[in-house]
Amino acid sequence: MTDTVIDYSAVFQALPGMVALLTPELVYADANEEFLRVSGRSREQLVGRYLFDVFPDNPNNPAATGARNLHASLLRVLATGERDAMALQRYDVASLERPGEWEERYWSPVNAPAKDSDGRVVLLVHRVEEVTELIRARGGPSGNRARVLEAELYTRARELQEVNERLRQAHAREREVALALQKAMLPAPSPMGHHRTAVRYRPAAGALNVCGDWYDLVNLPGDRIGVAVGDVVGHGLAAACVMGQLRSALSAASRVADGPAPALDVLGLYARSVDGAENTTAVQTFIDWDSRTISYSSAGHPPPALLRADGTVQFLDEATDPPLGARLEHVPRPQATAGFTEGATLVLYTDGLIERRREDIDTGMRRLADSLTRHQGADPEAMADALLLELLPSGGVTDDTALVIVRL
């Protein structure tokens, strides 16, 4: 059997429903044949023009809200990256044959995002079903039935619109609560003596993508500090609550453990009693300025990056073990040590900083290493801002990001 080459342009034009493509600026990029036929517009009258210049609201109808409602729906799709189904709309269309006159039209639109490999919305898919004839069907033997259908259609449309609005409000409230909870559990770290540090947390883009990333810095006896980051699987309040429990447990364990591996051992045992903690990843490091060493252990987490004074980057990946709860039996975790010289920089991060869809993680790590080398001379605060600016897509990402930078 030979492979079939699909002409997606031809498929788009042949779609049986009305479909148009809009840029994020709400300018027509293309429209299929059915959209042109039903809307009564030519391709030249659409492509390259602003949607609401082509189809404004009827100025003669004070109750006309079709354009306003459609504009709000498209902005929601751009902001959330999620599909938005609209209720039935009366959206009159200006007559081309009779200037100044408007044709009464009824539309049922659905708007959806088309994203690039980084999750940014690059096009809006605007699909429309016209139901004008159904609404107009009043005369003849079927008139009573048509009026019943019209009433039912309007009722269901209003119910759908109300349900969608309640869901949006509920999601917005849950996101607000989750963000407040995360902020309370990820406060600005206390001063680490004379050592310069910087921390950052960036939530994911979207309506309800608050996740479970965390960071922690603790002072240890002697001229030492413990630095950790972790990532709980999942989204929303549940992930944020699990994150708070695990962060607190690891913070406490690191203060009494002999090293980062024993601290992660304690966290792993504790995680068995926490619902939702399975497959959490974390990395714990102990930095000792007296011996100029970094001891570290990783539970399935991306490796810390050590930017050396000569500009080279070493990823600390010699003590990596499976995530929390991945083994049926408890096995002591490995631990490794790396030396450093004055002026080096240690960077801990979560996968939101480096991972992209359909891209090998090694590509993201090389991107991080290149950025670190370029900003070697920056202080931790400036370096943190530069990394986020360069490595996070401008349109937002679907995973949150925690970042800790320590000047050694």
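This is a selection-by-selection tour of a predicted model.

Residue numbers start from 1 along each chain as its sequence is written. Because the model is predicted, local features need pLDDT of at least 70 and side-chain atom pairs count only at pLDDT 80 or more, while totals for chains, interfaces and linings use all residues, and side-chain values use heavy atoms, with hydrogens and water left out.

**Whole chain**

Show the chain as a cartoon: it has 11 helices and 19 strands (DSSP runs numbered from the N terminus, H or I of at least four residues for helices, E of at least two for strands). Of its 408 residues, 47% are buried (buried is under 20% relative accessible area, exposed over 50%, partly exposed in between, with a 1.4 Å probe and protein chains only). Of the contacts between residues at least 6 apart in sequence, 62% join residues at least 24 apart (a contact is heavy atoms within 4.5 Å).

**Strands 10, 11 and 12**

Select residues 224–232, which form strand 11; 8 of its 9 residues are buried, so the strand is largely enclosed by the rest of the structure. Add residues 212–220, strand 10, which runs antiparallel to strand 11 and is joined to it by 9 bridges (strands pair if DSSP finds at least two bridges between them). Asp216 stands opposite Ala228 of strand 11. The two strands make a hairpin with 3 residues between them, and Gly222 in the turn has a positive phi of about 80°. Now add residues 281–288, strand 12, also antiparallel to strand 11, with 8 bridges between them. Here Val229 is opposite Val283.

**Asp351**

Go to Asp351, in the loop between strand 18 and helix 10. Which residues does Asp351 touch, leaving aside those up to four places away in sequence? They are Asp231, Pro302 and Asp399. Asp351 is buried but has no salt bridge, and the nearest side chain of opposite charge, Arg356, is 8.2 Å away. For charge, Lys and Arg count as positive, Asp and Glu as negative, and His and the chain ends are not counted. A salt bridge is a side-chain nitrogen of Lys or Arg within 4 Å of a carboxyl oxygen of Asp or Glu.

**Arg356 and its network**

Select Arg356 next; at 10% relative accessibility, this residue counts as buried. Its side chain meets that of Asp118 in a salt bridge (3.9 Å, N to O). The pair links distant parts of the chain, 238 residues apart: Arg356 is in the loop between strand 18 and helix 10, and Asp118 in the loop between strand 7 (106–115) and strand 8 (121–130). Asp118 also forms a salt bridge with Arg120, at 3.6 Å from N to O. Asp118 is partly exposed at 24% relative accessibility, and so is Arg120 at 29%. Add Asp116 to show the network of salt bridges that links Asp116, Asp118, Arg120 and Arg356. The structure holds 15 salt bridges.

**Helix 11**

Finish at residues 380–391, helix 11. Its 12 residues should span 16 Å at 1.5 Å a residue, which agrees with end C-alpha atoms 16 Å apart (the expected span is 1.5 Å times one less than the number of residues). Its buried residues are Pro380, Met383, Ala384, Ala386, Leu387, Leu388 and Leu391. Elements covering them include strand 9 (197–202), strand 14 (305–307), strand 18 (345–349), helix 10 (361–374) and strand 19 (401–407).
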